[in-house]
Amino acid sequence: MGENAGWAPSGWPLWALPGRVRVLVLGVVLAVFGLVALAARTAPAPEQWTAAGWLAAAALPHLHASHLVQRRRRARAGTPYLDLCSVWIFAGVIVLPLVLELALVAVLYAHRWVLVNRFDAVRPPHRAVFTAATLALAAAAAAGVLHSSGVQEHLADGARPGWADLAAVVAAAAVQWVVNTALVGTVIAWTVPAEDPRRPLGSASDNLLEVGQLALGVFVALALLWWPPAALLMIVPTFALHQCVQLDQLKLAARTDQRTGLLNAAAWHEQAERALERARGRIGVLMIDLDWFKRINDTHGHPVGDDVLAEVATALTRAVRRGDTVGRYGGEEFAVLLPDVDEAEVRAIAERIRRRIRALRITAKTGEPVTLSATIGAALHPAEPGGGLEGLIRAADDALYAGKKAGRDRVAVAAPQF
C-alpha cells in the first residue's frame, strides 16, 4: 500500500462511521455544494464586496489572535468545546448575500483548520468539514428568514429598523441556532451513547454563550451597515470572550477528576463544607473503597483499572439522589455527601450503591470478566462532638475499615453520637 495509504479515500475515518451518520455527514456537505451553485448565480454588488471585506478584516484577526487559546481548549479532554465564530457568521447573515456568506464560512474554517484543527490528532478532517457545512446550512436558513421578511433590503436601504425588523432578526437567530444544534446534536446522539438525552444539545452555559454570540453579531452587522470601521472594535470583546471561556474551563478542570469526571478530593471537600454549614437536617457521608483494586491493576493492567473507575463513577451518580455530592477521594476510594438523611436512608443508599457496583460487568481485553465489589463505611453528623466534616469523614473511614476486617463487600455504619 505504501506510505500514502492513509491518504487514500478508502482509508479515511469517515468510512468507519455508522451508516446513518455517514449518510448525514455526506448529505449535509453535498447540500452546501448545491447551495453554493445556486447562490453563485447572482453576482454581489460592489458595496456587498466591501462589507464582506470589512467583516473578514474583523473576523480573521480575532481568529488569529485566539488560535493558541483554541488549541489549548481542544487539547483539554473532558471539557465542553464551543467554536466562537457565530459572531461573524450571523453578522454576515444580516448584511451579505448568500454566496458571500458561504464564502465567509469557508474562509473562517479554512483559517481555523490551518492554525488549530490540523494539530488535533483525534479529530479527523471530515469533522471540521461537517462543522463548517452545518454552520453554512444554518446561516443559509437564517438568511432565508431575513430575505422573506425583507429585513436585508430594508437595512441595506438605510432605513431605521423597527420592532418588526428586530423580530425578524431574532427569528433568524433562532433558526440558525436550531438548525446547527439539530444537525450537530443528531450526529452526537448517533455516535456517542449518552445517559441524558439532552446532552447532545449542549449545556445551558454553552447555549447561553451561543445566544450571546448571535446578539453580538447583530451589533457587528449594524456597524457594517452604518459605520464599517467600528466593526473592528468587536475584535477586543470577542477575544476577551475567548479568554473568559477558557478560564471557566480551567476552573472546571481544576475541580474535576479526569479519570471519572467526578469532583476531585479538594472540590468535594469544599462543597461538603458548604453543605454542612447550610444543612438543616442530618448529614451523612459514605466512604466507598473498591475491594482488591490493586489486584485488578496487576492482573489486567492500568487501562482496565481506569475503565473500572469510570464505570463505578457512573454507577455512583445513578445510585445517589439529586442533590447528593459525589467525588473521587483518591485512588480507588470515593466519597458521597448525603444531606437531609436519617440512618435508614443512609443504609438504603449505601446498600444500593454496593449492589450496583457488584452488578457491574466489565471485560478485559483478554475477554476475562472483571469482578467488582466495594466496602462502604457510613457515618451521620455529628459523628463525634465538635468534629465537623473531618470528624464525619473520620468516622466513616473507621466504619469502612471495620467493614473490610469483617470480610469486605458490605456496608458498615458508624454508631451515631449526639
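The crossing of helix α1 and helix α8 is left-handed, by which I mean that the near helix is turned anticlockwise from the far one by less than a right angle, a clockwise turn being right-handed. The contact is made, on the α1 side, by Arg 20, Val 21, Leu 24 and Val 28, and on the α8 side by Leu 183, Thr 186, Val 187, Trp 190 and Thr 191, where contact means heavy atoms within 4.5 Å. These residues divide into 6 nonpolar, 2 polar and 1 charged, with Ala, Val, Leu, Ile, Met, Phe, Trp, Tyr, Cys and Pro counted as nonpolar, Asp, Glu, Lys and Arg as charged, and the others, Gly among them, as polar.

Before going on, I should say that this is a predicted model, in which local features need pLDDT of at least 70 and side-chain atom pairs count only at pLDDT 80 or more, while totals for chains, interfaces and linings use all residues. Residues are numbered from 1 along each chain as its sequence is written, and side-chain values use heavy atoms, with hydrogens and water left out.

Helix α1 covers residues 19-39, and its axis lies 10 Å from that of α8 at an angle of about 160 degrees; axes are lines fitted to C-alpha atoms, for helices over the stretch in contact, and angles run from 0 to 180 degrees between N-to-C directions. The two are therefore roughly antiparallel, a term for angles over 145 degrees. Helices here are DSSP runs of H or I with at least four residues, strands are runs of E with at least two, and both are numbered from the N terminus.

The second helix pair is α6, residues 125-149, with α8, residues 163-191, whose axes come within 8 Å and cross at roughly 155 degrees. These helices, too, are therefore roughly antiparallel to each other, but α6 passes α8 in a right-handed crossing. The residues of this contact divide into 18 nonpolar, 4 polar and no charged.

Turning to the strands, there is an open sheet of 5 with the order β2-β3-β1-β6-β7 and mixed pairing, two strands being paired if DSSP finds at least two bridges between them. Since β2 (325-330) and β7 (411-413) stand at the edges, each with a single partner strand, one side of each is left without a neighbour in the sheet. Within it, β1 (residues 283-290) and β6 (residues 374-380) pair in the antiparallel sense over 7 bridges, and Met 287 has Gly 377 in β6 as its bridge partner.

Terms used: Parallel < 35°, antiparallel > 145°, perpendicular 65-115°, else oblique.
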